[in-house]
Amino acid sequence: MHPRDQTIFALSSGRPPSAIAIVRVSGPQASRVLTALAGRLPAPRQASRRLLHDQAGQPIDDAVVLWFPAPGSATGEDVAEFHAHGGRAVLAALLAVISDIPNTRAAEPGEFTRRAFENGKLDLTEAEGLDDLIHADTDRQRRQALRQLQGLLGNRARDWRERIIEASALIEAGIDFSDEGDVPAELQAPAVKAIRTLHDEIREVLAAQGHSERLREGLVVAIAGEPNVGKSTLMNQLARREVAIVSPHAGTTRDVIEVQLDLDGYPVTVIDTAGIRETDDPVEQEGVRRARARAEDADLVLWLVDGERPADPDTMTSGGSVWTVRNKIDLGESAARPSGEFRISARRGDGIPELVDALVTFAAEFFGGSEGGLVTRTRQRDLLSRAADSLRRSLELVEEGEELAAEELRAAAYALGRLLGRVDVEDVLGAIFQKFCIGK
């Protein structure tokens with residue numbers, strides 16, 4: 001029997017022990033599993049309290065069971081759910097009975113969602129939205145993922161694809177009636193108008209997205225500077241806990257330390273790096289090399305300066321923005337803030353609220369309107385760009401030959417089909433669904 005024809009089961013809730021544990025079963029043997037444990041099938045989609053028994057008739061647990069016959073289920077297959085008490089012994093007994101039933105097996109990561117995708121319950125953009133929702137760390141990430149799960153991009157892509165196919169039909173009809181005089185011209189004009197509108201709509205969406213894909217991963221901020229200027233102390237201030245070792249000895253931080261922050265709903269990864277200086281210590285040299293590498297990839301570098309010493313952020317190469325942050329103002333230096341600089345006391349907390357506010361503003365500008373953006377992954381942007389490029393080429397070629405224009409329209413429709421996961425996406429499915437947890 002093919003693995004996709006087997007009945008799968010898994011714990012779909014948190015790790016035991018827990019108050020309640022949900023075990024989900026999906027596939028052709030789901031009704032048999034439910035009958036074996038609960039005695040009979042309950043009414044579809046109605047919770048029913050049952051005493052579960054093993055194959056020897058011994059009671060396992062007093063639980064709630066649900067029955068979702070196909071196709072009216074989350075996966076499109078017959079689905080049974082057991083809402084049992086979440087003790088390890090209860091779950092072990094329950095899963096043992098299920099696994100003894102022929103043609104059942106433990107589910108792989110993301111297999112329930114993959115079956116839902118294969119049975120047309122959701123498209124690939126919605127599956128990606130579900131994955132993002134599971135892994136969302138901030139409220140803005142959650143809202144963006146939920147919109148994707150509800151079809152924000154998928155619905156638009158389906159509409160675009162249908163309109164491309166309609167325009168393609170007009171172009172190809174003109175080819176079929178090429179010997180009918182003015183018929184091709186009459187069909188070509190509305191097709192060209194539709195193609196131009198579609199191209200402009202997709203390009204407008206791509207132009208408006210900003211860094212929408214990055215909201216999933218977050219903004220990267222690196223704290224850099226010479227040794228012993230207070231980088232680790234600032235890291236602890238931003239994290240509001242002790243995540244980095246603070247020491248008066250230069251070169252204490254040898255490796256890159258990261259902490260995830262939620263700044264007004266924006267996901268921010270703050271990196272504490274080794275002090276930038278010339279050294280003969282091979283371990284510290286490696287720390288400096290890593291510090292420079294991470295800072296070069298950061299979206300923002302906070303170049304920390306000790307007191308009134310001259311600031312030289314140019315020693316740090318970065319592909320993003322660089323802010324000068326002057327530390328240790330509590331030691332008697334002027335608290336006035338020169339243009340383009342922040343003045344703080346990482347030890348005492350002076351100036352930290354203002355720096356955090358500036359980081360929130362920077363994040364808001366960096367992500368732009370990404371929270372409501374259609375595009376949340378590089379894969380999606382690439383395929384939309386391909387579709388738009390094919391539409392543009394079809395407009396350029398329609399005067400030269402309708403056959404060439406029709407081929408570009410087919411390429412545009414194919415790109416949107418890949419976006420939705422409806423054509424030739426086997427190569428990306430494993431990469432997407434293996435990131436899901438088991439039981440989802």
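Glu81 lies in strand β5 of this predicted model. The UniProt record, in an unreviewed entry, lists Glu81 under "binding site", together with Arg24, Lys121 and Lys440. The chain that carries these positions contains 14 helices and 12 strands, and buried residues make up 49% of its 440 residues. Of the contacts in the chain with a separation of 6 or more, 61% are between residues 24 or more positions apart.

**Positions listed in the UniProt record**

- Glu81 has a relative accessibility of 13%; because the limit for a buried residue is under 20%, Glu81 counts as buried.
- Outside its neighbours within four places in sequence, Glu81 is in contact with Ile22, Val23, Arg24, Val64, Val65, Leu66 and Phe68. One of these, Arg24, is itself listed by UniProt under "binding site".
- The charged end of Arg24 sits over the ring of Phe112, at 5.5 Å from the ring centre.
- Lys121 is placed in the loop between α3 (111-118) and α4 (124-134).
- With a relative accessible area of 40%, Lys121 is partly exposed, whereas Glu81 is buried.
- When residues up to four places away in sequence are not counted, Lys121 touches Pro71, Gly72, Ser73, Ala74, Thr75, Gly76, Ala116 and Glu126.
- For Pro71, there is also a polar contact: the side chain of Lys121 reaches the backbone oxygen of Pro71 at 2.7 Å.

**Strands β3, β4 and β5**

- Strand β4 comprises residues 59-68, and seven of its 10 residues are buried, so the strand is largely enclosed by the rest of the structure.
- On one side of the pairing scheme, strand β3 (residues 48-53) and β4 are joined in the antiparallel sense over six bridges. Within this pair, Leu52 stands opposite Asp61 in β4.
- β3 and β4 form a hairpin with five residues between them. Gly57, in the turn, has a positive phi of about 85 degrees.
- β4 also pairs with strand β5 (residues 79-86), again in the antiparallel sense, over five bridges. Here Phe68 stands opposite Val79 in β5.
- Phe68 is also among the residues in contact with Glu81.
- In a regular strand, side chains alternate between the two faces of the sheet.

**Aromatic residues**

- The count of aromatic pairs comes to five. Phe362 and Phe366 form a stacked pair, with 6.3 Å from centre to centre and 20 degrees between the planes.
- Both Phe362 and Phe366 belong to helix α11 (residues 352-367), where they are four residues apart, about one turn of the helix.
- Phe362 and Phe366 are both buried.
- One aromatic cluster is formed by Tyr266, Trp323, Phe342, Phe362, Phe366 and Phe367, and the stacked pair of Phe362 and Phe366 thus belongs to a wider group of rings.
- Tyr266, a member of that cluster, also has a charged partner: Arg140 lies over the face of Tyr266, at 4.0 Å from the ring centre.

Notes
Residues numbered from 1 in each chain as written. Predicted model: local features only at pLDDT ≥ 70, side-chain atom pairs only at ≥ 80, totals over all residues. Heavy atoms only, no water. Buried < 20%, exposed > 50% of the residue type's maximum accessible area, 1.4 Å probe, protein only. Helix = DSSP H or I, 4+ residues; strand = E, 2+ residues; numbered from the N terminus. Pairing = 2+ DSSP bridges. Phe/Tyr/Trp six-rings, centres within 6.5 Å; stacked < 30°, edge-to-face > 60°. Lys NZ or Arg CZ within 6 Å of the ring centre and 35° of its normal. UniProt positions renumbered as here; feature names shortened; annotations may be inferred. Contact = heavy atoms within 4.5 Å. Polar contact = N/O pair within 3.5 Å; in protein donor to acceptor, adjacent residues only side chain to side chain.
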